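Me: I am new to this one and would like to know how the terms used for it are earned. Could you show it to me and then take my questions?

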Amino acid sequence: MVNKVSTCVFISGNGSNLNALIKNSRSDNFPIKIVLVISNNPKSKGLKIAKKYKINTKLIEYKSNKNFENLALLELKKNNIRLICLAGFMKVLSGSFIKKFSYTIINIHPSLLPKFKGLNTHKRVLKSKDKYSGCTIHYVSPILDAGQIILQKKILIKKNETEKTLKKKILLLEHKAYAEAIISLFK
Ligand code: GRF
């Protein structure tokens, strides 16, 4: 059994990456233990998933960046968190938050960064006529989707690909890639 890194996952939505991370982290050899899930959105399905696995959850509704970040920092400290995984978290964390937390923060993005930063990724990818798309796990910096890349996985875009089919395929890829990236960080 490895000495697991105390981890918090930040979410805003469906939580399929959270679900995959929880499942992975239940294995003895996976390097992280998810001890806390923070959501800025009360409707996030990920909150239900966390509760199902009896993981501590904290809903911090978004009033301002400062308010959210201060409350989040308190929770992180209380829970001795050493790693934050952003998984569909729809807010940009400030430089001050990153500095104050002072441990590792990573994010997953559904494109081959540095291409297609930001929202509506799959739509823009399809419009670009690129041959490949994929996902990226990267360190979080104060600039959106611009931190150092840890790992990428790619897939070929089919001729009849739609936003829906691409999203579905890339989400499955994300679930594998996030786990691999975490293993590579702590091996
Ligand atoms: C994923 O595509 C992730 O890369 C992006 O937001 C989506 C979140 O999906 N940042 P889920 O909530 O993990 O299902």
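Reply: Happy to! This is a predicted model. Let's begin with the ligand: one of its oxygen atoms is 3.5 Å from a polar backbone atom of asparagine 14.

Me: What makes the pair at asparagine 14 a polar contact?

Reply: A polar contact is a pair of N or O atoms within 3.5 Å. The pair at asparagine 14 is 3.5 Å apart, so it counts under that cut-off.

Me: Which other residues have an N or O atom paired with an oxygen atom of the ligand?

Reply: Asparagine 17 does, through a backbone N or O atom 2.9 Å from a ligand oxygen. Glutamate 174 uses an N or O atom of its side chain instead, at 2.7 Å from an oxygen atom of the ligand. Both values fall within 3.5 Å, so these are polar contacts too. As for cover, the ligand has 360 Å² of accessible area on its own, and the protein covers 81% of that.

Me: How do you know that the ligand sits in the largest pocket?

Reply: A molecule sits in a pocket if more than half of its atoms lie within 2 Å of the pocket's grid points. The ligand is found to sit in the largest pocket, so it passes that test. Two or more residues of the shell around the ligand come from each of α1, β5 and α6.

Me: Why is Leu171 counted among the residues around the ligand?

Reply: A residue counts if one of its heavy atoms lies within 4 Å of the molecule. Leu171 is on the list of residues around the ligand, which also includes Gly15, Ser16, His109 and Pro110, so it has such an atom. By class, this shell holds three nonpolar, six polar and one charged residues.

Me: What is the largest pocket like, and which element gives the most to its lining?

Reply: Its volume is about 980 Å³. The lining has 37 residues, and those closest to the pocket centre are Gly88, Phe89, Met90, Pro110 and Leu119. α6 (163-186) is one of the elements supplying at least two lining residues, and it gives the most, with five.

Me: What makes the loop between β5 and α5 worth a look?

Reply: Most residues other than glycine have a negative phi, and most peptide bonds are trans. In this loop lies proline 114, and the peptide bond to it from leucine 113 is cis, with omega near 10 degrees. Phenylalanine 116 is in the loop between β5 and α5 too, and its phi is positive, about 55 degrees, although it is not a glycine.

Methods:
Residues numbered from 1 in each chain as written. Predicted model: local features only at pLDDT ≥ 70, side-chain atom pairs only at ≥ 80, totals over all residues. Heavy atoms only, no water. 1 Å grid on protein atoms, 1.4 Å probe; cavity = no way out; pocket = protein on both sides within 12 Å on 5 of 7 lines; lining within 4 Å. Points joined across faces, edges and corners; volume = space filled by probe spheres on them. Helix = DSSP H or I, 4+ residues; strand = E, 2+ residues; numbered from the N terminus. Polar contact = N/O pair within 3.5 Å; in protein donor to acceptor, adjacent residues only side chain to side chain. Areas by Shrake-Rupley, 256 points an atom, 1.4 Å probe, with all protein chains shown as cover. Nonpolar A, V, L, I, M, F, W, Y, C, P; charged D, E, K, R; others polar.
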